[in-house]
Amino acid sequence: KSFLERDPRGSLTGENVSTKDGIDALLIGAYAALDGQQQDVAAIGTGGPWEAAPSNWIYGSVAGGDAHKGSDATDQPPISLIATGQFDASNGFFNTKWKVLFEGVTRTNIILSLLPNVKDMSAAQVTQVQAEARFLRGHYYFELKKMFGKVPWVDEMHITDYKQPNNTDIWPKIEEDFKFAYESLPPTQSQAGRANKWAAAAYLAKTYVYQKKWTDAKPLFDLITTQGVTAKGDKYALTPRFEDNFDAATKNNSESVFAIQMSANNGTGQISNGNQGEMLNFPYNSPFGCCGFYQPTQDLVNSFRTDANGLPFLEDYNDHAVKSDMKVLSTAPFTPDAGNLDPRLDWTVGRRGIPYLDWGNHPGRSWVRDQDYAGPYAPKKNVYWQYNQDKYKDPNSWAPGSAINLVLIRYSDVLLMAAETEAELTNLDAAQAYVNMVRTRAANPQTRVYKYIDDTKPMGGFSNTPAANYVIASYPAGAFTGMGKDGALKAIRFERKLELAMEGQRFFDIVRWGTAPAELTRFFAYESKITTDLNGGKFVVGRNEHYPIPQRQIDLSFKNGAKTLEQNEGY
Amino acid sequence: NPLPGVTVAVKNSGRGTATDPAGNFSLTAKKGETLVFSFVGYTQQEVVLGDAASISVVLSEKVGSLDEVVVTGYATQRKKDLTGAVSVVNVEQISRQPTAQVSNQLQGQVSGITVLGSGQPGEEPQVRIRGVNTFGNNTPLYVIDGVPTQNIVDLNPYDVASMQVLKDAGSASIYGARAANGVIIITTKRGKPDGKVRVTYDGYYGTQRPKGGNVWHILSPQEMANLKWMALKNTDPNVVYNDGLYGSGATPRLPDYIAPGGLMEGDPAVDPSKYNVNPFYKNPSDLDNFYRINKANKGGTDWFHEIFKPAMITSHNVSVSGGGDQGAYYLSFYYFNQKGTLLDTYLKRYSIRSNSFFNVGKHVRIGENLEFSVIDNPRITALTEGSGIGMAFREQPIIPVRDIKGNFAGSFSTNGAQLGNARNPVAIQERTKDNRGLGNRLLGNVYGEVDFLQHFTFRTSFGGEVYSASNHSFTYPEYENAENNKVNSYTESATSGYNWTWSNTLTYSQSFNKIHNVKVLVGTEAFDNHGRMVTGTTQNYFIFDPNFTNLGTGTGTVTNNSNAFTDGLFSIFGRLDYSLFDKYLLGAVIRRDGSSRFGANNRYGTFPAISAGWRVSQEEFLKHVSWISDLKIRGGWGIMGNQLNVDPSNAFTQYGLNKGSSFYDIGGTSNTLASGFFRTTIGNPDAKWESNINTNVGFDATLFKGKLEISADYYKKRVKDLLFTPEVSGTAGRSNPPAVNIAEMQNHGIDLSLGINDIHITKELVLKANATLTTYKNKIINISGDAPYFDLEARRFNGNFIIRNAIDHPISSFYGYKTVGFWNTAEEIAAANDQAQKATNNPNAVYQTGIKLGRFRYQDTNGDGIITDADRTFLGNPSPDFSYGLNLQLDYKNFDFTVFLYGVQGNNIWNQVRWWTDFYPSFAGAKSKTALYDSWRPDHQNAKAPIQENEGSFSTNTVPNSFLVENGSYLRAKNMMLGYTLPKAVLQRIGIEKFRIYVQAANLFTITKYSGIDPEITGGTTNFGLDEGAYPNQRQFLVGVNVGF
């Protein structure tokens, strides 16, 4: 080679990776984009990790009224605008999320485009890779679709021609990807983290549910609930303990339909593979170090109130408010609420006087950055235990990472979608049966939080005394039929709120149900009397149903002098 | 008049003498030998000895600097023959600035150069020749004794003999591929072949004083408490005070203890026996059991002065030089030591230089220039909120530096005492004290020159640099802050590399009948560059003793990384200089460069330039105008190239792996990762050279027999095919896109310099002065096919950017909402909302998100009756309208007094420090006097800051707005110096040639309206002028001596 011809250092060519081993590694890379994170505390590409958190804690839970942004007033102000519905297209959070999801799409597209050049793979191996890649692409587009509505379809034919218009509904394309995956993937996989046939089935069913294609969804749910197994081959079932879904020690259990695999202390010296997107969501001035975000709302806490029969107050739960320690110093005495409560509350929300896993009773205000601003509560589902923290906590950043998986589809989610489908098809008894499966698990004594044997030694074990007055029961036979279709749907939707609280689902659910305007208007009126962070909160009909296409992306879409992307309605 | 002290030497012999007070001399010489007479201020004269026993010589006074020989690209020219825009640096003048960096010394001294630095020892300043020329690397090309290099940080300023700045294409295009950012040619000192051995010593010692007073206007602890009460009341008029720190009374009270929060003396919880802190804990979970006891510092901690202290500076340089007809040598040793005013920052430098040349017969010369330098220079990254400086304006003043047992105190709090989340700045700095780095470089060349056939000279030079640097640092676990790093780790890194340049030139020079003067040069040059970097980190050390910690002695996670690079250039070039009647001058240059950074499609670029000059003063009609000694009009056009802004692998689509973003725990193990690949970069095989098309017109005038010299230039540059890595649509994925030649920008401006030479105010009071003026106006013409702008610097505005680089605007422009006062009454708000509702046909419309009494009212820029993101506008930019320097020197008998003033006018600064201190809700850190005393209240509507509240808002602090933009103009007394030279008569008795002693004050005062700590704010190429805690320039007071033997 001549003096002026020099090959790049430290990288691979397209030829190098167009082999079986190269494709396998690219597929791992496509899975790796699920968490949206990279090294040095950033989302893939750039932007704060939380802006692209796959849990959607901002876009699903905070925006849906499950939680306050938390922390203090100007920490991450764009989240405040998302929380109060005042966001516009210049909000950089949407841009980060969009870019990260399209990186996921791109990684799968590259695999699909390189596959025809690979010589050392059998047809079956090719199909398997295609199916996993298309499952992942389906997921990335599903996220894009529910966030942004008008999404351009870019596939393996468009690797260089990536400026595609967003004027066509992409649901059919998403369905195609999941269908291909469902039909091509094996029921079990050698590795727990891989998508299998049943994960694809569940995601396809969820795609139908989002489109209200109830008759397409029903047969699929019938199959999943009778034949579905995890990638490891375990028959789908709810775990006896609700908390097992939020504990690294019990990951990839029978309830884990498809999860993003998180790992800690994995040799990177970083937390980028350890749920970095939720690094902010731990109590402040606490053993966790940072950052006091994602504080559950009073409205959510009140939702867990149960009546004498152990059933929720579907309408007027805020009239049965749960006592809080708002404005009470940690040094002043406080007795927690003594009324009836759904035990899932205390696995979902950290509140004063109740064991916070094995970290001690939550001390209230002293673990909260600014209680007047964002309320007295702490998140819990993403928090690791003290006894096994050396294994599952990752201390390699200024805020913790953890090995707790992010379960994208949990079997209880499948059951509640199945219930919804049955109710929509007016099979109310069948719907009730699904809901009661979920409530029965919640009523399992193993799902209660118990007081410590010794409050000063939280790692010394739990007593047999429940930490609160837990009263919960299944709906009595015929209850849904008695309520009628609308009543049953109301109960099912409320059950989703309780069961999947703080799991990034709420906003997308209330939008697809069309209940967002009423729910959020009521929520802002109630919650803004308690904290100062929700001023100006509103839901603008005809606009807020979708987040705006990021302005930056519209500006970057010029092709021959014209924009290829158009904005959503109302922006 | 007889001239005493004139040097008389026999050429090429080493024999010489000097004239006595009567102007007489005697010397032994043979017939045919040449005597050389030289004297400062007079034109050197040579006389060939004939038969006469005595000769008498009349020396003529120099007229200005016309005959000065100037080193330009691969050649030398007399100043009067120059046709390009070349600034000749007054080396003696710039060397008065007490810094070890030559580029710092250039600030304000040369027209056409903008230098932005900071007070941090060893920090390389931004040097820009004629503004910003590219979105990427704007560093000029330095050519030291013929060796091109990108940096001169380690060049010993005392070694510089001459320095020329080539500013336009006419002068710089000969460096084609690398000329676009301008070229600075430096020649280092050589020995004089006059038979004498000279020894010089230059040294100074001094003290540096940080700025005094309350530099950020921070409140006292009691005032902080009062502000909190005010903000809470403003947020909720019915507030019930119940604060973990300040109690629950109507007036806040300061506690005796801040940890445990809010307690008073005597409380059992502050019993010192409960104290439990192990500052060197190893297990992160130990932190959970610590019991901290911190007293409140009710008087307030002055964090700035806790980390900024007076510091020493000293410099010593010794040189030995000499030579004769066989050759000459120059040897120097330099030691420089500057402590930073910021704790644990400093610069130590050592360098030795050896320059020599040998005459092999009459027509062959062989020589070498070599410098070896060593730098030890721990620094911080300033201008960001996370630095020690950034924390010093964020850490609350009630926090003491240390706790009751002498360990660090900090923002850790309990009992709901809100102490913010800043980190202890003293701790940050002290924890760096064992971090070390050492860099060294060998830079130089060997060369040979042959004269042949009378008019030809062949020169070959082989030179380059070999460098390496290593750093190691230890990260201590923290325990005192609200947010602590809990992991101890050790990091070591090393870089090394080399490059060589081999150039060969052939020069032909002939004069025909003294009418035509022709000089032709052709040459080739090859450049080869290689480097490597390696870094590793290990966690979890048994002890933190710096003698123990290394990459092998940790027990925890090990990470390592390395990379390598290589690139090369090959060039051929030629130049022609022609002058007719010494009156009409013409220069032409062409260079063809090939670069390995480009794909085969566009590997080569050609860069031509032509320039011409007309010495009007030589024309008959001006020859008789006695006050015009010389007047020359110049003009030139040419193209300069740039290839720095393209990665050597730009042409290739590449795949790679990264543990953070492409590895995945596919097996669900919780603590291992399967390795995965991803596409890392998209290639562009079509990238080509940036071309900087440059037009320059100017004149040089020498007036009043050289008493006044003026040089002025107007230039216009159009930079085309700018290599820019545009952001691409998100639908392309996040692989690094390639650099493409799409962007374009334009600069125009005026360079003006003015010199006054030796004006005798009285017989013994002599004035010298010179002034420079530099202007540049930058405008972006095009950015990319994808989008008309790119944004940078979100800082705390997440996703809303402060800086927008947009078409038709200068680079690094500030962007956001323009504030137009406050919302003073409910009626104003109602009227605005009413207007918005009409404008949008929406009965629920609100004029401005977060509209509320006392908050900012934003300008409705697009006039649509409602504030949306379309109302953001350009709020100024950090490029000055002009900058200027003024040197004055007064000599009186043996005293000399110099003043150097430097000023910048018409620039803006984005003062992000005030975002932290002027808005109560911008985190619970230290706040300013403005927040408490000059914020909006119903009874104080004519306020500076908006109402203080406990919630952030679009209408106050959560989006970039013009509140933070300030005028950054300033005038600084960079240097004042008073020197005294001992009379020659005294010195001769003790055998010393020169002895001068001086006192000096640098940065004595700065006149500015800027409210921050220092208006000189640096930054990146496309994002500068953003102040978030600058390392300020400090006053320096020095005494020094210059001695010559």
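These exercises work through two contacts in a predicted model: chain A with chain B, and domain 1 with domain 2 inside chain A.

**Exercise 1. Size the chain contact.**
How many residues does each chain bring to the contact, and what is the area buried between chain A and chain B?

Solution.
- Step 1. Count residues. Chain A gives 106 and chain B gives 101.
- Step 2. Take the area. About 8400 Å² is buried between chain A and chain B. Carbon and sulfur atoms give 52% of that area.
- Step 3. Find the top contributors on chain A. Leu4(A), Arg6(A) and Thr74(A) supply 9% of the area that chain A buries against chain B, more than any other three residues.

**Exercise 2. Describe the polar side of the chain contact, then the surface of chain A.**
Which elements of chain A each supply at least two residues to the side that touches chain B?

Solution.
- Step 1. Count the pairs. Between chain A and chain B there are 31 residue pairs in polar contact, both residues at pLDDT 80 or more.
- Step 2. List the elements. On chain A they are helices H1 (14-17), H2 (20-32), H4 (77-83), H5 (92-114), H13 (389-392) and H19 (551-555), with strands E1 (37-38) and E4 (256-260).
- Step 3. Pick the leader. H5(A) gives the most, with ten residues.
- Step 4. Sort by class. The side of chain A that touches chain B holds 45 nonpolar, 39 polar and 22 charged residues.

**Exercise 3. Test the salt bridges of Arg369(A).**
Which acidic residues does the side chain of Arg369(A) meet in salt bridges?

Solution.
- Step 1. Set the cut-off. A nitrogen of Lys or Arg must lie within 4 Å of a carboxyl oxygen of Asp or Glu.
- Step 2. Look across the chains. Arg369(A) pairs with Glu483(B) at 3.6 Å, N to O. Because 3.6 Å is within 4 Å, the pair qualifies.
- Step 3. Look inside chain A. Arg369(A) also pairs with Asp75(A), at 3.3 Å, N to O. This distance is within 4 Å, so the pair qualifies.
- Step 4. Note the totals. The chain interface has five salt bridges. Domain 1 and domain 2 of chain A share two.

**Exercise 4. Characterise the domain contact.**
What area is buried between domain 1 and domain 2 of chain A?

Solution.
- Step 1. Place the domains. Domain 1 of chain A covers 15-165 + 537-571, and domain 2 covers 283-381 + 433-504. Their C-alpha centres are 33 Å apart.
- Step 2. Count residues. 19 residues of domain 1 of chain A touch 17 of domain 2 of chain A.
- Step 3. Take the area. It is about 1400 Å², with 56% from carbon and sulfur atoms.
- Step 4. Find the main residues. In domain 1 of chain A, Asp66(A), His68(A) and Ser71(A) lose the most area, together 42% of what that side buries.

Notes:
Residues numbered from 1 in each chain as written. Chains lettered and ligands numbered in written order. Predicted model: local features only at pLDDT ≥ 70, side-chain atom pairs only at ≥ 80, totals over all residues. Heavy atoms only, no water. Contact = heavy atoms within 4.5 Å. Buried area = accessible area lost by both parts, 1.4 Å probe. Polar contact = N/O pair within 3.5 Å; in protein donor to acceptor, adjacent residues only side chain to side chain. Helix = DSSP H or I, 4+ residues; strand = E, 2+ residues; numbered from the N terminus. Nonpolar A, V, L, I, M, F, W, Y, C, P; charged D, E, K, R; others polar. Domains from an automatic or database assignment.
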